[in-house]
Every structure is written in structure tokens, then in C-alpha cells.
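Open the model in your viewer and keep the selection panel at hand. The stops below say what to select and what is there.

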Amino acid sequence: MGFGDLKSAAGLRVLNDFLADKSYIEGYVPSQADIAVFEAIAAPPPADLFHALRWYNHIKSYEKQKASLPGVKKALGKYGPADVEDTTGAATDSKDDDDIDLFGSDDEEESEEAKKLREERLAQYESKKSKKPAVIAKSSILLDVKPWDDETDMAKLEECVRSIQADGLVWGSSKLVPVGYGIKKLQIQCVVEDDKVGTDMLEERITAFEDYVQSMDVAAFNKI
Amino acid sequence: MAAAVRGAEELELLERLLGLPGGNKYGVQGERKVPVLQSNNGPGLTGLMTIAAHLVRQARKEQLLGSSAEEKAVVQQWLEYRVTRVNGGSSKEDTRTILKDLNVHLEDKVYLAGNIFTLADILMYYGLHHIMVDLTVQEKEKYLNVSRWFNHIQHYPGVRQHLSDVVFIKNRLYTNAH
């Protein structure tokens, strides 16, 4: 289906014949089908194609309400007589007018001015960003440190863990949580600066106390 | 020949189309069966155009009488045409003249008054229904603009009601005739 090339006289003639016994492209009310075809036509059809001209003028009268007309715009090839193909725009340029632009981002139509403005804004934003002291991203981490057995000295273990010092690392409260068979694990809170301290580094340092620590897990990790 | 939609029946169709509660009593008067709207207080209204215009105002659908001064005049003109010519004529010759007139008028218009649906379209549709039903395929194609308009109006929501759907074939037989 289609009208051939709607920008050519032949295409308009197909449209004219198509509209001879119809008031609208589809059905009996103005719809997005009419708007789609209307927008594909550059100028009013010539007077001798009176069916097309009548339709054109009629649809033009709906211009203000065109967004509220029912239906969904389809490719031009979906309308019109069954035995004609749509070739509108195929020869003129590469603009794929068959696509429905769902996101309304039409880069081609971005005017020079808008582009300049956008670039200016971007540059402004970049410079602002570089000047402003970056917000320090911090995280609160809850660690589970498990001892080897029930004979491990938990006080000593905690002391070892708290002995780890690093830039951007602050230890918080801790408690002992029973796991079973008399074994307790150490649950300890710490606040770290994301850029400076990672969980990998913490794990490495804590498991380094091999005499006391069997393993270490991150129980909770919250961005502040 | 199909029975013409006349007088009281036509006004009842219009009432329903306008969404009026109904309950108006219609009668006919004189030899030409002019419709009369009887009312409890006052002398009542006489004549199709008068009553139809009254009903439209009652339903607060004034846009059906046209919005601009020009449209109002055109609506008036076609209502007059409807009453004097369509109701008056019954011979084959008259019918042909009416269809020819309309065909020329509708060539560059979607509705009788241009781009908006008006009372003129409604009453002309009711007035022409019995004529269109009897047209042959060739005639429908000869008066292509009328056919297109008629088909459009009969699909307009609420207009056709119980009247028969006039069938228009989709493929034209004589494409070179125009």
C-alpha cells in the first residue's frame, strides 16, 4: 500500500483517485492517518486534483487539534490503495520518514542555534563540575568476621581488626553474635570513603590475621 | 420505491441523534403534510426547518447551525433547499437535478457547510435516504461526490439509526468517467 511518491505529481494523482469516494484516509473520522499523509505533502495539491485538495483543506482545518485526533501514525506505506507502493522521500534524501520516532529525539531537526546553546550549557556544566569539590562518597559497611573455633580470643580478634588503619576508614560499633557450638562471630561496623577504601582491601587486611580469623564476609553495604 | 423519511419520523430521528429525552408531540398539517410541533402552552411550531432549529437549540448544540456567519448562511441555504427542492420534487427529473446540484457543491467540501458537520447534513441525509437506496451502481458512481458524502454521513455516529445502510462498492467500475 501507499501513494507512490507523494511529493511528485503522480503520487498526488494516486491520492486524488483514492480520495474520490472517501472523506478521510481511514474510516469516517479524521485520524492520525490523515495527519501522517498530510504532513508528507509539502504544499496544497493543485486545483485540478480537487479530491485531494478538498481533503487537504479539510484536514488543514483540524491543524490545531491534530495531536488529539484518534489513532496511531503508521508508515505511509500502510495507507492508500493496495496496488501502489510508497516511495515518498526514497529518491530525495536519506530521511527515513517511515520510522515512528518514539522518543521524539530528532537530531536532524535540531537547529544550529539549539545545538550551540546545548554545547554552551555542556561546557558550563563541565567547568562547574571541575571547580566544585567533589562530594565524598561514603559507605557504611557491616562486616562479619568469623574466628577459627570457640577457643579463639574474640577480644584479641577485635583488637586486631580495629588496629587496621587506613586513610578514609573509621571503625564503628561492634558486637559478638553467636553462630552455634559456642562459637561467636564478630560483627563490626565501619564507614569508608569509597574512593580510598574498598572491601577487597579490608578483606585482605583482616584475613591477614591468620591466627584469629578464619573468614570475613560483608554482611551489609550501604551508600551514605 | 422506498418510503421517504418524512415529517414526524424525521424529527424523532433528529431528537434521538441530539440526545433529547423525546416526548414532543408532532402532527402534520395541510395537503403537503407540513410537520407541526404541538406544545402545551402557546401556538406550537410549524415547519421542518423551524422545528429542527428549535430542537438543536434545545439540545444546546448550536454548533450544528454553523459557527461563523458564513456557515450559518450556508446551513440555512441547504435546509431551505432540502425543504423546497428535495421535499417538493418527486419526478426522476427532479431527483437528477438535486443529485447534480449536490455533486457539484460537494466536489470541494467534506460536509455541506465545508469542514464541519451541521444540521444541513443531517436533514439532507434523511431527505435523500429514500433516493440513495434506489440508485443503481452506475448512478452512485456518476454522483461520486454525493455518494462519498452520503457514505460519510451514514457512518457518522448516531445519524443512521434504524435506517438501512446504503451500500457503496469500494472499487469503481468506470474509473475514466471523471
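Select chain B and chain A together: the area buried between them is about 1,400 Å², with carbon and sulfur atoms giving 55% of this. Buried area here is the accessible area (1.4 Å probe) that two parts lose on being put together, summed over both. Within that surface, pick B:V110, B:N115 and B:R148, which supply 37% of the area that chain B buries against chain A, more than any other three residues.

This is a predicted model, in which local features need pLDDT of at least 70, side-chain atom pairs count only at pLDDT 80 or more, and totals for chains, interfaces and linings use all residues. Residues are numbered from 1 along each chain as its sequence is written, chains are lettered from A in the order in which they are written, and side-chain values use heavy atoms, with hydrogens and water left out.

Widen the selection to the whole contact (heavy atoms within 4.5 Å): 17 residues come from chain B and 15 residues from chain A. Across this interface there are seven residue pairs in polar contact, both residues at pLDDT 80 or more. A polar contact is a pair of N or O atoms within 3.5 Å; within protein, one must be able to donate a hydrogen and the other to accept it, and residues adjacent in sequence count only if both atoms are side-chain atoms.

Next, show chain A as a cartoon. Four strands form an open antiparallel sheet in the order β2-β3-β1-β4 (strands are DSSP runs of E, at least two residues, numbered from the N terminus; two strands pair if DSSP finds at least two bridges between them). Select β2 (169-180) and β4 (213-223) of chain A: each stands at an edge with a single partner strand, so one side of each has no neighbour in the sheet.

Now select β1 (residues 138-147) and β3 (residues 183-193) of chain A, which are antiparallel and joined by eight bridges. One pair to label is A:I141 with its bridge partner A:C190 in β3(A).

Move to chain B. Its open sheet has three strands in the order β1-β2-β3, with antiparallel pairing. At the edges stand β1 (25-29) and β3 (45-46) of chain B, each with a single partner strand, so one side of each is left without a neighbour in the sheet. Five bridges pair β1(B) with β2 (residues 34-38) of chain B. As a last stop, select B:K25 and its bridge partner in β2(B), B:Q38.
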